[in-house]
Amino acid sequence: METILGIDPGLHHTGWAIVSTPIGKNNPQALAYGVIKTRAEDALNVRLATIYDDVCAVIERYQPTSCAIEGVFFGLNAKTALTLGQARGAAILATSKRGLVLGEYPPATIKLSIVGSGQAEKEQVTYMVRQLLGLDHDPKPDHCADALAVALTHLAHRNSLAD
């Protein structure tokens, strides 16, 4: 069984999702998903430690075989990009310390993989994630759908990582 941890990083909310599929098959299933929430009133180092610790806990619980994370969207202002980068760093460190292979995908690549258009709207991504995984509901909050999309993108691109 191949098990992928998908991460949609953010300082306030970091979405995570576990998707699995039998090796060599393309029949993905969502095993679990959730959101790591940090408190705005906490110091930055506390918030980053929360992201790190909670990603570590997800890895320990679900034992993924690889991981994927959404890249930084360069249209963000510098301050937003910096905080997103710090949240990504905490999550990447957690996966690295556990020895996971990491795929990084820009938002447009994720949208293209899931919807067929790099300019897709968030609602389209959520709809397609639901269809691709055979879910009977939209994964909520949105960060969960995004993390599932990251994991599905990794499954679609996993062969290119071996090159």
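This is a short talk on one helix, the nonpolar cores, the cysteines and the salt bridges of this structure. Keep in mind that the model is predicted.

Let's start with helix α2. It runs over residues 78-97, so to speak 20 residues in all. From first C-alpha to last, α2 reaches 28 Å, close to the 28 Å expected at 1.5 Å a residue. Which residues of α2 are buried? They are L84, A87, R88, A90, A91, A94 and T95. Those residues cover an arc of only 150 degrees around the axis, which puts them on the same side of α2. Note that R88 is in that buried set. Now turn to the face pointing away from the buried side. There you find the exposed residues A78, K79, L82 and K97.

What covers the buried residues of α2? The cover includes two strands from further along the list, β4 (66-70) and β5 (101-105). It also includes β1 (2-8) and helix α1 (44-62). After the helix comes G99. The phi of G99 is positive, near 75 degrees.

Next, the cores. In soluble globular proteins, nonpolar side chains tend to be buried together. Here the largest nonpolar core has 20 residues. Within that core, L5, I7, W16, I51, V55 and A91 touch the most other members. Who supplies this core? β1, β2 (13-21), β3 (29-37), α1, β4 and α2 each give at least two residues. The top contributor is α1, with 6 residues. A91 ties back to the helix we began with, as one of the buried residues of α2.

Look at L5 more closely. Set aside its neighbours within four places in sequence. L5 is then in contact with W16, A17 and I18, among others. Its contacts also include V55, V58 and I59. Further partners are P64, S66, C67 and A68. T95 is in contact with L5 too, and T95 is buried in α2.

Apart from the largest core lies another one, of 19 residues. Its members include V19, L133, V150 and A151.

On to the cysteines. How many disulfides are there? The count comes to 0. Take C56. Its sulfur is 11 Å from the closest cysteine sulfur, in C67, and that is too far for a bond. C56 is buried, at a relative accessible area of 7%. Now C144. Its closest cysteine sulfur is also in C67, but 15 Å away, again too far for a bond. C144 is buried as well, at 1% relative accessibility.

Last topic, charge pairs. Side chains of opposite charge can pair when their charged atoms come close. The structure holds 7 salt bridges. One of them joins D146 and K122, with the closest N and O atoms 2.6 Å apart. This pair links distant parts of the chain. D146 sits in helix α5 (residues 142-161) and K122 in helix α4 (residues 122-133), 24 residues apart. Buried or exposed, where does D146 stand? D146 is buried, with a relative accessible area of 11%. K122 is partly exposed, at 37%.

A second bridge pairs D138 with R130, at 3.4 Å between the closest N and O atoms. Both ends are partly exposed: D138 at 31%, R130 at 26%. A third joins the side chains of D142 and K140, 3.6 Å from N to O. D142 is partly exposed at 30%, whereas K140 is exposed at 51%. Finally, R39, E41 and D42 are linked in a network of salt bridges.

Technical notes: Residues are numbered from 1 along each chain as its sequence is written. This is a predicted model: local features need pLDDT of at least 70, side-chain atom pairs count only at pLDDT 80 or more; totals for chains, interfaces and linings use all residues. Side-chain values use heavy atoms; hydrogens and water are left out. Helices (H or I, at least four residues) and strands (E, at least two) are DSSP runs, numbered from the N terminus. The expected span of a helix is 1.5 Å times one less than its number of residues. Buried means under 20% relative accessible area, exposed over 50%, partly exposed in between (1.4 Å probe, protein chains only). The arc is that of the directions from the helix axis to the C-beta atoms. Contact means heavy atoms within 4.5 Å. A disulfide is a pair of cysteine sulfur atoms within 2.5 Å. A salt bridge is a side-chain nitrogen of Lys or Arg within 4 Å of a carboxyl oxygen of Asp or Glu. A nonpolar core is a set of buried Ala, Val, Leu, Ile, Met, Phe, Trp, Tyr and Cys residues joined through side-chain atoms within 4.5 Å.
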